[in-house]
Amino acid sequence: MLTKKLRIGIVCPYGWDTPGGVQNHVRDLAEFLMSAGHDVSVLAPAIDDAHLPAYVVNAGKPISIPYNGAVARILFGPIAFARVRQWIAAGDFDILHLHEPAIPSISLLACWAAEGAMVGTFHAAAKHQKVIYAIGPILEPAIEKLSARIAVSEAARLTLTNHLETDAVVIPNGIYAKRYANGEPQEKWSGNTIGFIGRFEEPRKGLQVLLAALPIIARFAPDVRVLVAGPGDPKEVEESIDPQLRHRFEFLGRISEKEKADFMSSVTLYVAPNTGGESFGIILAEALASGACVVASDIPAFDSLLGGGEFGALFESENPSDLAKVVIELLRDSDKRAGLSGKGREHAQIFDWDVVAEQIFSIYEMALVGAQEITLSSENRPWNRLLSRDGDKK
Amino acid sequence: MKTTLAVVLVLLTVLWYLSFLATRLDRLHHRVETSWANLDGLLQRRAAIALEIARSQSCDPASSLLLTSAAYQAREASVQERSSAEMALSGALGLLIIDGQIHAHDSEQSLFQELKLLSAKIRIAIAIHTDAVSSTQMVRRKSAIRFFRLAGTAPLPVTYEFEFDAL
């Protein structure tokens, strides 16, 4: 059954043009499935058609609205619904894979419109319980059409069981482990360095926690340097740093995937002080794969990814002095660093696409048992069936 | 006139809602059946592999006997006894695997490998099936469905308590 070529339709709810975890996951999954010989079509909102890969179908311009504590670029409405139906009708799919079907975007619309083997992946770990209670009854009939559900982390699964009363299989997000394992250590980034990657202007990424911890760290490790990579304007952050410590900071700006791998293999410690809003923490999986020694805040997603501290050091979230303590201890103890990064590198193999895609594919197989091809659910309504027999049908 | 119109409108809405509920329930029943068919197929395959292991050289007579009887029981069990029979088979396999993997010949390594892959699939299949069963039970508890007998003659799906640690 594994050798059978499938036509797989994947729906991405967020704007394709904006970087994000779900988009990356969908892109990598689609490319992996295609390299395995399957036919893949991705439906996603996008601002313009020009830069879309051949396998992505534009569903329309996304709308930016605040949702769940962040600005989400999503898409809904009658025109989007018509596009989704068109895509489903024209696609001739064996299976649909819907990402985040619980948020008001095209995945939910597709779930509503289609009938057949459907798999849903839930990424978010939501906090706003009251909202979910209110929308639960609306979501329920749609969500229960999914033949199988995947949650990317234990936190996402708990959100699902608590709020929508359905269970899910946990399959982590995938990374190309080999790319990171092949990162080449760079002279300019080595030494007593602490690495940070992310949109550092966002408070939930937690750079301010690292800044607050630095004076203590610098006292014990005078030659320490902090390397910050990621998009954003460093001016404001630089001004908030103590002038005496300013020269210890280096802002690298946005870096490429290759540079990212090199960066993570070079730095002595990789620090992820995120204060929340993280459901999986793909960046940590990548850091582990590159053999970096990871220090992360103990938010649930990181705690479970790092095996409760087995594959990387944890510190109490939003507590700079605890971060400083952990960092100093690790900077002084190279054996401990080597131990953690060795274990981490080994552990990261479970996030490799070879492993993850295999698991996702076995879920597809189960969803496909006894299922028919994907059709529009409206076609199956008795009166429509009756009408369509007379000829004219859209 | 106005009242008639209102009554007709309400009636239509109620009818639409009932048809919606019936479709929903039908879909859920279908999900329960297919997920069960899937799980059943996987369990049958596991029983077949268990028998093959029982007949292999690396299996001593006592565990061979245990495994064979457990596998046959699992295969022939009625719906009500299925869960406990499968659990017994899981237990028998579990006993064996600890020293089985140490003593196994090369030819049987592939058998154990297959069993391991199968166990992972079974675990997922169980999760999917239990999920389908519990959502169906939840929807069937709705008073509208009970009152209008929308479930028809379909039996209420049964939750199985499966042991998870097959390997």
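Two strands count as paired if DSSP finds at least two bridges between them. Keep that in mind as you click through this predicted model.

**Stop 1: the sheet with strand 13**

Start by selecting Val228 and Phe251 of chain A. Phe251(A), in strand 13 of chain A, is the bridge partner of Val228(A). Now widen the selection to residues 225-229, which make up strand 12 of chain A; this strand runs parallel to strand 13 of chain A, and 4 bridges link the two.

Zoom out to bring in the rest of the sheet. It is open and has 6 strands in chain A, ordered 13-12-11-14-15-16, with parallel pairing. At its edges you will find strand 13 (249-253) and strand 16 (313-315) of chain A, each paired on one side only. Look at the twist, too: with direction ignored, neighbouring strands here are turned by 25° against each other on average.

Next, select residues 207-220 of chain A. This is helix 7, which lies across strand 11 (193-197), strand 12 and strand 14 (269-272) of chain A, and runs at about 170° to strand 12 of chain A. Then try residues 282-289 of chain A for helix 10, which packs on the sheet and touches strand 11, strand 14 and strand 15 (294-297) of chain A. The direction of helix 10 makes about 165° with that of strand 15 of chain A.

**Stop 2: the sheet with strand 1**

Stay in chain A and move to an open sheet of 7 strands, in the order 3-2-1-6-8-9-10, again with parallel pairing. Strand 3 (56-58) and strand 10 (169-170) of chain A each have a single partner strand, so one side of each is left without a neighbour in the sheet.

For a closer look, pick residues 7-11 and 39-44 of chain A: these are strand 1 and strand 2, running parallel and joined by 5 bridges. Within this pair, Ile10(A) stands opposite Val42(A) of strand 2.

Which strands does helix 1 of chain A touch? Select residues 21-35 and you will see it packed on the sheet against strand 1, strand 2 and strand 6 (95-99) of chain A, at about 160° to the direction of strand 2. Helix 5 (residues 154-163) of chain A also packs on the sheet, touching strand 8 (118-122), strand 9 (148-151) and strand 10 of chain A. Its direction makes about 130° with that of strand 9 of chain A.

**Stop 3: where the chains meet**

Finally, show both chains. The contact takes 14 residues from chain A and 15 residues from chain B. On the chain A side, helix 14 (residues 353-368) gives the most, with 3 residues. By class, that side has 7 nonpolar, 4 polar and 3 charged residues.

Methods
Residues are numbered from 1 along each chain as its sequence is written. Chains are lettered from A and ligands numbered from 1 in the order in which they are written. This is a predicted model: local features need pLDDT of at least 70, side-chain atom pairs count only at pLDDT 80 or more; totals for chains, interfaces and linings use all residues. Two residues are in contact if their C-beta atoms, placed from the backbone, lie within 7 Å. Axes are lines fitted to C-alpha atoms, for helices over the stretch in contact, and angles run from 0 to 180 degrees between N-to-C directions. Ala, Val, Leu, Ile, Met, Phe, Trp, Tyr, Cys and Pro count as nonpolar, Asp, Glu, Lys and Arg as charged, and the others, Gly among them, as polar.
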